[in-house]
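Q: I should like a close look at a single part, namely the largest nonpolar core. Please explain each term as it arises, and then place that part in its surroundings.

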Amino acid sequence: MDDTTGKKILVIDDEVYIRDSVIGFLEDFGFEVIEAENGKIGLEKFANDQPDLIVCDLRMPEIDGLEVLAHVTQKNKNIPIIIVSGVGNISDTVEALRLGAWDYIIKPIQDMNVLSHAVNKAFERKHFIEEKAGYQRELERANKELNLSLEALELTKDQLVQSAKMAALGELVAGVAHEINTPVGVGVTAASFLDGKTREFHKMYKAGELKRSELENYITTVEEVSNSILINMERAAELISSFKQVAVDQSSKNRRRFNLKEYMDEILLSLRPRYKKSSHVVQVTCEPNIELNSFPGAFSQILSNLIMNSLVHGFKALENRAIDIDITCKEGQVIFVYRDNGHGMDQQQREKIFDPFFTTMRGKGGTGLGMSIVFNLVTQTLKGNIKLETEVGQGVTFTMTFPRHWDDT
Ligand SMILES: Nc1ncnc2c1ncn2[C@@H]1O[C@H](COP(=O)(O)OP(=O)(O)OP(=O)(O)O)[C@@H](O)[C@H]1O
Ligand SMILES: [Mg+2]
């Protein structure tokens, strides 16, 4: 028999002879045995002494074995109960097994090994059940932990996506400042030139030295310079208003009506500082009258990610490359084709490009979120789809299709 130390067995039987022989046998094996001469005492001892296993006779006066069994299994299903029943009590034995008895032995017990086998088997099964419950608890705990980690990961992902958006907005603001600098600078130079000329003119006028030719000269200068100031200020105002729209759209999720061609021009204008100094060109072919009722912010994010990727990845160490954007409209669907003729991608990159955090620039400024954001914007915000065709050395072609009127879907 397996290790018996510290294991307590309760033997309930009203026949002294059987009880004694069973107890003697079990004690010989090293079990601690408690005895009870009827069901009532048996139940009391069960409650007070908390045995690890019960051997119980079926036929007893007052409280019989079936009642003991029902009571014990109701309290604790994991206490093994072995029923001892007479040869003629088959139906009671079946009922006992149905009620939750773990095993039975027939009396008179002729071979005590039958008892030892049943006890051994019951303890093994109990051990197995406890082990299983332990694993189950461990699994549930691990699962809970995993769920918590998953939630934390989702949160981090959302925060990263948010900060990627803010970074894009920050770059936009820097681009705006840079772009507006030129017309404002020209305007300031022209105004201070005009200021100087006017002071000189004033002096001459006061001194009474003003000649007709000088007056005409001054008028011509004023006309030219004020015109230059006007043009440059108008340019600055135009830049500010388009940047303002793009920036607001980029930070909001608003839907509105807009003309696609005009909006594309505004976005490209806001992106110009990023590619202006390179030798690359961006060409857009778009019918002038495509009106959309959709999310303009999504467009500017999609386009700025695609263009930045072409510049950073596609055209790396290359000169004179081109980005072609071709937009058509068919049966209420907008077909938006974006092409670059850069390095292209291999199969592994092609398969992973839309996965969050996939980047070939890890540690060099890439988070790998750009294309996953594009994918989500196209498929969720615009309710469309996106497909990529690319080969190494053949550039990339992204084809996006989405409904023109978001309401229609
Ligand atoms: N036009 C392209 N040409 C070649 N490779 C590209 C192009 N666009 C994307 N890739 C590849 O796909 C990867 C994932 O692009 P994605 O925009 O998701 O991340 P990233 O540009 O590396 O980082 P992030 O945009 O978050 O700063 C890039 O690292 C690059 O290897
Ligand atoms: Mg990117």
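A: Two residues are in contact, or touch, if their C-beta atoms, placed from the backbone, lie within 7 Å. The model is a predicted one, in which local features need pLDDT of at least 70 and side-chain atom pairs count only at pLDDT 80 or more, while totals for chains, interfaces and linings use all residues. Residues are numbered from 1 along each chain as its sequence is written, and chains are lettered from A and ligands numbered from 1 in the order in which they are written.

A nonpolar core is a set of buried Ala, Val, Leu, Ile, Met, Phe, Trp, Tyr and Cys residues joined through C-beta atoms within 7 Å. A residue is buried if 20 or more other C-beta atoms lie within 10 Å of its own, exposed if 12 or fewer, and partly exposed in between. The largest such core has 37 residues, and the members that touch the most others are Ile267, Ile302, Leu306, Val374, Leu377 and Val378. At least two core residues each come from helix H7 (260–275), helix H8 (296–314), strand E9 (322–330), strand E10 (333–340), helix H10 (370–381) and strand E12 (396–403). These labels follow DSSP runs numbered from the N terminus, with at least four residues (H or I) for a helix and at least two (E) for a strand. H8 contributes seven residues, the most given to this core by any element. When residues up to four places away in sequence are left out, Ile302 touches Val374, Leu377 and Val378. A separate core of 31 residues includes Ile9, Leu26, Phe46 and Val68. In soluble globular proteins, nonpolar side chains tend to be buried together.

The wider setting is the division of the protein chain into domain 1 (8–110) and domain 2 (252–408); such bounds come from an automatic or database domain assignment. The C-alpha centres of the two domains lie 78 Å apart.

Beyond the largest core, some individual residues may be considered. Glu351 has its place in helix H9 (residues 347–352). Glu351 is classed as exposed because 10 Å around its C-beta atom holds 12 C-beta neighbours. Its C-alpha lies 16 Å from that of His313, and the two residues are 38 apart in sequence. Lys383 lies in the loop between H10 and strand E11 (385–390). Although Lys383 is not a glycine, it has a positive phi of about 55°. It counts as partly exposed, with 14 C-beta neighbours inside 10 Å.

Helix H5 (residues 112–207) contains Gln162 and Val173. Gln162 is exposed, having 10 C-beta neighbours inside 10 Å. Gln162 and Ala101 are 61 residues apart in sequence and 61 Å apart in space, C-alpha to C-alpha. Val173 is likewise exposed, with 12 other C-beta atoms within 10 Å. Val173 and Phe243 are 70 residues apart along the chain, and their C-alpha atoms are separated by 8.4 Å. Between strand E5 (103–107) and H5 is the loop that holds Pro108. The peptide bond from Lys107 to Pro108 is cis, with omega near 0°.

Next come helix H3 (residues 65–75) and helix H4 (residues 90–99), which pack at an angle of about 5° with their axes 10 Å apart. The axes are lines fitted to C-alpha atoms over the stretch in contact, and angles run from 0 to 180 degrees between N-to-C directions. H3 and H4 are therefore roughly parallel to each other; angles under 35 degrees receive that description, over 145 roughly antiparallel, 65 to 115 roughly perpendicular, and the rest oblique. H3 supplies Gly65, Leu66, Leu69, Ala70 and Thr73 to the contact, and H4 supplies Asp92, Glu95, Ala96 and Leu99. By class, five of these residues are nonpolar, two polar and two charged.

Finally, Lys45 lies in helix H2 and, with 18 C-beta neighbours inside 10 Å, counts as partly exposed. Not counting residues up to four places away in sequence, Lys45 touches Leu10, Ile34 and Ala36. Lys45 and Val114 are 69 residues apart in sequence and 25 Å apart in space, C-alpha to C-alpha. Gln50 is in the loop between helix H2 (39–49) and strand E3 (53–57). Gln50 has a positive phi of about 45° although it is not a glycine, and it is exposed, with 12 other C-beta atoms within 10 Å.

Methods: Ala, Val, Leu, Ile, Met, Phe, Trp, Tyr, Cys and Pro count as nonpolar, Asp, Glu, Lys and Arg as charged, and the others, Gly among them, as polar.
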